[in-house]
Amino acid sequence: MFIAHLPAGYLLSDRLSQNRLNRRSLMAVGLFASALPDFDLLWFYFVDGRKTPHHAFVFHWPLFWIGLAAAAWLLARLLRWRVAEPYIFVALACLLLHMVLDSVAAEIHWLKPFSDLQLNLVKVPARYDWWVWNFILHWTFLVELAIVFAAAWMLWRNLARQRIAAPTAPTH
């Protein structure tokens, strides 16, 4: 996925944060988490020299994020910090959504570090010299575009609702 992680995170965060007083901060956490696994691209380009596929790094291991979320949830419980629980849940949901989206056309190690099994739905053939064209010109890119358009529509709808709900300033 190239362009759908943030819009998909927006859609999921929007759904999970509805009717909550802390909606904006939950949305921010969800958006950040939906893009967080791709921060390993910094390591991929600047440290690893593009030797290892970035989906093989720990930031793309679903069990890493599940373990981290479980530890955060336990710590929040021990500290009786219940306000953290929805943030942990939204973050984990968006992190896992990132992996699900990547699994459409890329290999994800769903059971790493316990197994080297890589799962993906579709193998994108290498037909073009510049690797990006292989993904943009593949049918799976239409899925990305659909997610982007759905998120744009949801954002437009949410902004329209806010304008309707906002009190208007009195005119003199």
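Phe-141 is found in helix H7, which covers residues 140-165. Helices here are DSSP runs of H or I with at least four residues, strands are runs of E with at least two, and numbering starts at the N terminus. The model is predicted: local features need pLDDT of at least 70, side-chain atom pairs count only at pLDDT 80 or more, and totals for chains, interfaces and linings use all residues. Residues are numbered from 1 along each chain as its sequence is written, and side-chain values use heavy atoms, with hydrogens and water left out.

Phe-141 has a relative accessible area of 13% and is therefore buried. Buried means under 20% relative accessible area, exposed means over 50%, and partly exposed lies in between, for a 1.4 Å probe and protein chains only. Not counting residues up to four places away in sequence, Phe-141 touches Ile-3, Phe-135 and Ile-136. Contact is defined as heavy atoms within 4.5 Å. Asp-116 is 25 residues from Phe-141 in sequence. In space, the two C-alpha atoms are 27 Å apart.

One of these partners, Phe-135, lies in helix H6, residues 131-136. Phe-135 counts as partly exposed because its relative accessibility is 24%. Neighbours within four places in sequence aside, Phe-135 is in contact with Phe-2, Ala-105, Val-124 and Phe-141. Ala-160 lies 25 residues from Phe-135 along the chain. Their C-alpha atoms are separated by 34 Å.

The loop between H5 and H6 holds Val-122. At 14% relative accessibility, Val-122 counts as buried. Outside its neighbours within four places in sequence, Val-122 is in contact with Val-104, Ala-105, His-138, Trp-139 and Thr-140. Ala-105 also appears among the contacts of Phe-135. Between the C-alpha atoms of Val-122 and Ala-106 the separation is 7.5 Å. These two residues are 16 apart along the chain.

Pro-113 likewise lies in the loop between helix H5, residues 84-105, and H6. The peptide bond from Lys-112 to Pro-113 is cis. Its omega is near 15 degrees.

Positive phi values were examined next. Asn-19 is a residue other than glycine, yet its phi is near 60 degrees. Asn-19 is found in the loop between H1 and H2. Its relative accessibility is 82%, so Asn-19 counts as exposed. Arg-50, also not a glycine, has a positive phi of about 60 degrees. Arg-50 sits in the loop between helix H3, residues 40-46, and helix H4, residues 62-78. With 55% relative accessibility, Arg-50 counts as exposed.

The helices flanking the Asn-19 loop, H1 and H2, pack against each other through a set of contacts. Helix H1 spans residues 5-16 and helix H2 spans residues 23-35. Their axes come within 8 Å and cross at roughly 145 degrees. Axes are lines fitted to C-alpha atoms, for helices over the stretch in contact, and angles run from 0 to 180 degrees between N-to-C directions. H1 passes H2 in a right-handed crossing. A crossing is right-handed if the near helix is turned clockwise from the far one by less than a right angle, and left-handed if anticlockwise. From H1, His-5, Leu-6, Gly-9, Tyr-10, Ser-13 and Asp-14 take part. They meet Arg-23, Leu-26, Met-27, Gly-30, Leu-31, Ser-34 and Ala-35 of H2.

Overall, the protein contains seven helices and zero strands. Along the sequence the pattern reads α-α-α-α-α-α-α. The C-alpha trace spans about 65 × 45 × 30 Å along its principal axes. Of the 172 residues, 37% count as buried. Among contacts between residues at least 6 apart in sequence, 56% join residues at least 24 apart.

The protein exposes about 11300 Å². Carbon and sulfur atoms supply 70% of this area. Accessible areas come from the Shrake-Rupley method with a 1.4 Å probe; for residues, only the protein chains shown count as cover. The protein has 15 positive and 10 negative charges, and their mean positions are 13 Å apart. Lys and Arg count as positive and Asp and Glu as negative, while His and the chain ends are not counted. Each charge is placed at NZ of Lys, CZ of Arg, CG of Asp or CD of Glu.
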